[in-house]
Amino acid sequence: MLGAIEAAVKISGEYRGYGTIDTVTKEGDEGYERFARLAMQLALQAQEVDPTDPHPLVLGQGPTRIFDREKALEWAELWQDIDLWNYGGWYMLITLLDSRWLGTENDLKNLAHHLAVGALEGSPALALSMVALGQPPSLTGGLENYHISR
């Protein structure tokens, strides 16, 4: 099932293309959104098959960039409920909260702080605080807590 999610994400990217927004055609934009939604749908179905595996939800979080910051955080909550310090999930969230996508000016700085303070000693997620801070200064600057309890 992970392969199907990855394929839908890949196809959505191929529809859109890898240039700047001004190079995206109407067909490319529509195909991107259609396959991004499919990837998210497949991720939710895969999670139903094995509710203990956060990986489908991490993969499904990537296409949330077609929506907004709140949708990305909503998906982050889903995988965090299964594996709070999932490296892939946090890495994906860093990419989504870059101010060039869905983030605000302070998101990456605050996310780095959250990871540095909250991640367990020895957790691979702890190193991602440096990844978040390593973004160009114009991209880092809030979120007080990146895990939203239900």
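Is Tyr 87 buried, partly exposed or exposed? With a relative accessibility of 40%, Tyr 87 counts as partly exposed; the class lies between buried, under 20% relative accessible area, and exposed, over 50%, with a 1.4 Å probe and protein chains only. The model is predicted, so local features need pLDDT of at least 70 and side-chain atom pairs count only at pLDDT 80 or more, while totals for chains, interfaces and linings use all residues. Residues are numbered from 1 along each chain as its sequence is written, and side-chain values use heavy atoms, with hydrogens and water left out.

**The whole chain**

Begin with the protein chain in a cartoon view. It has seven helices and zero strands; helices (H or I, at least four residues) and strands (E, at least two) are DSSP runs, numbered from the N terminus. Of the 150 residues in the chain, 43% are buried.

**Tyr 87 and its partner**

Select Tyr 87, which is placed in helix 5. Leaving aside neighbours within four places in sequence, Tyr 87 is in contact (heavy atoms within 4.5 Å) with Pro 124, Ala 125 and Leu 128. The C-alpha atoms of Tyr 87 and Ala 127 are separated by 9.1 Å, although these residues are 40 apart along the chain.

Add Tyr 91, which also lies in helix 5, four residues from Tyr 87 and about one turn of the helix away. Tyr 91 is partly exposed, with a relative accessible area of 40%.

**The start of helix 5**

Step back to Asn 86, in the loop between helix 4 and helix 5. Asn 86 is buried, at a relative accessible area of 5%. At the start of helix 5, a side-chain oxygen of Asn 86 comes to within 3.1 Å of the backbone nitrogen of Gly 88. This is a polar contact: a pair of N or O atoms within 3.5 Å, where within protein one must be able to donate a hydrogen and the other to accept it, and residues adjacent in sequence count only if both atoms are side-chain atoms. Not counting residues up to four places away in sequence, Asn 86 touches Pro 54, His 55, Val 58 and Trp 79.

**The buried residues of helix 5**

Now display residues 87-96, the extent of helix 5. Its buried residues are Gly 89, Trp 90, Met 92, Leu 93, Ile 94 and Leu 96. These pack against helix 3 (55-61), helix 4 (69-80), helix 6 (107-118) and helix 7 (124-133).

**Helix 6**

Move to helix 6, whose 12 residues reach 16 Å from the first C-alpha to the last, close to the 16 Å expected at 1.5 Å a residue. The expected span is 1.5 Å times one less than the number of residues. Which residues of helix 6 are buried? They are Asp 107, Leu 108, Leu 111, Ala 112, His 114 and Leu 115. Seen down the axis of helix 6, these buried residues fall within an arc of 160 degrees, so they line one face of the helix; the arc is that of the directions from the helix axis to the C-beta atoms. Rotate to the other side of helix 6 to find His 113 and Val 117 exposed. The buried residues of helix 6 pack against helix 4, helix 5 and helix 7.

**Ser 129 in helix 7**

Select Ser 129, placed in helix 7. Ser 129 counts as buried at 7% relative accessibility. A polar atom of its side chain lies 2.8 Å from the backbone oxygen of Leu 126. Apart from neighbours within four places in sequence, Ser 129 is in contact with Ala 112, Leu 115 and Ala 116.

**Aromatic rings**

Finally, show the aromatic side chains. How many aromatic pairs does a search of the whole structure find? It finds four, where rings of Phe, Tyr and Trp (its six-membered ring) pair if their centres lie within 6.5 Å, and planes under 30 degrees apart count as stacked, over 60 as edge-to-face and the rest as tilted. Tyr 15 and Phe 35 form a stacked pair, 5.5 Å centre to centre with 20 degrees between the planes. Tyr 15 lies in helix 1 (residues 2-16) and Phe 35 in helix 2 (residues 26-49), so the pair ties together parts that are 20 residues apart in sequence. The pair of Tyr 87 and Tyr 91 is also stacked, at 6.4 Å centre to centre and 15 degrees between the planes. Elsewhere, ring pairs link Trp 79, Trp 85 and Trp 90 into a cluster.

Return to Tyr 15 and add Arg 34, whose charged end sits over the ring of Tyr 15, 5.4 Å from its centre. A charge sits over a ring if NZ of Lys or CZ of Arg is within 6 Å of the ring centre and within 35 degrees of the ring normal. As a last stop, select Arg 65, whose charged end sits over the ring of Trp 101, 4.5 Å from its centre.
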